[in-house]
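Biologist: I'm new to this structure and would love a close look at a single part of it. Could you pick one spot and walk me through what surrounds that spot?

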Amino acid sequence: MVCALGASVCFGTATVLQAMASRAAAGTGPGGDAALLLRALRQWRYLAGLALDGVGFLLQIAALRSIPIYTVGAALAASLAVTAVVASRLLRVRLDRVEWGAVGLVCAGLAMLGSASGTEGERPGSAALKYAMLGTAVGVLLLGLVSGRLPDRGRPLVLGLGAGFGFGVVEVSVRLIDDLDPGALLADPAAYALLIGGGAAFLLLTSALQRGSVTTATAGLVIGETIGPALVGVVWLGDRTREGLAWLAVLGFAVAVAGALALARFGEAPVQGSGGAPVQEST
């Protein structure tokens, strides 16, 4: 659980640092996305954010190897609470009482999950499940290729859900990879599912945040990356709770995800308006 919470802190903090660096870079000169990225890479906040993302990913892998997927998924969704708190300090974003309540819900849900979750399931992943993850990853990639044809109204939610499914594939695939020998990895469909799913998810999330409501896209992301992987872990990989505490784990999962959804607008840090005042996107 400690590794999962550490990953949540890393990802949530990285979001704010990278947003600050990207917007500072945008104000230093014209240019397209490539020029903006190059300017951002010269800023310590952006580099610090990338470093935190890397550490967070390693902690996520460690967590997935030791505790149930449903616990890791809820903890990663809780990174939105970290983003909200960090944004309130660094970007001077005011959280209202409802949003502070949502942060409290996330913390309460994670506490319940931590108390109820058992050890990682011991069932080996079948070849069919590995190929199912690969097929899902390819489906997410294809969704990205046809995203331009989606209707504007539903596009952010669909792309957000697709990104969530892609990150969910990564969570499950980490559990399915049982041999880290290079030769074995080359022959393991779960390894390809992890790479394709992660890359496609990143592209879909970027597109979703650019093309519509951040809140809608992030809500879809939270749903996609938590519920599906949790079910896979319980049904196919043997993830269980402590004896007699299944009800507490279900309640904690639901409370943590509900709190994260309430904070979905922090899937992208708020834009600074004139005079330094934070301005939220219309949802």
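Modeller: Happily! Let's start at Trp-236, which counts as partly exposed because its relative accessibility is 49% (buried means under 20% relative accessible area, exposed over 50%, and partly exposed in between, with a 1.4 Å probe and protein chains only). Before going on, please note that this is a predicted model, where local features need pLDDT of at least 70 and side-chain atom pairs count only at pLDDT 80 or more, while totals for chains, interfaces and linings use all residues. Residues are numbered from 1 along each chain as its sequence is written, and side-chain values use heavy atoms, leaving out hydrogens and water.

Trp-236 sits in the loop between α11 and α12 (246–262); helices here are DSSP runs of H or I with at least four residues, numbered from the N terminus. On the surface, Trp-236 joins Ile-223, Ile-227, Leu-231, Val-234, Val-235 and Leu-261 in a nonpolar patch with about 590 Å² of accessible area together. Such a patch takes residues with over 30% relative accessible area and no salt bridge, joining nonpolar side chains within 5 Å (a salt bridge being a side-chain nitrogen of Lys or Arg within 4 Å of a carboxyl oxygen of Asp or Glu). The areas come from the Shrake-Rupley method with a 1.4 Å probe. Helix α11 (residues 214–235) contributes the most to the patch, with five residues.

Now follow the chain to α12, on the other side of that loop. Helix α12 packs with α4 (residues 69–77) at an angle of about 25°, their axes 9 Å apart. That makes α4 roughly parallel to α12, a label for angles under 35 degrees.

Notes: Patch = residues over 30% accessible without salt bridge, like charges linked within 9 Å, V, L, I, M, F, W, Y side chains within 5 Å. Helix = DSSP H or I, 4+ residues; strand = E, 2+ residues; numbered from the N terminus. Axes fitted to C-alpha atoms, helices over the stretch in contact; angles between N-to-C directions. Parallel < 35°, antiparallel > 145°, perpendicular 65-115°, else oblique.
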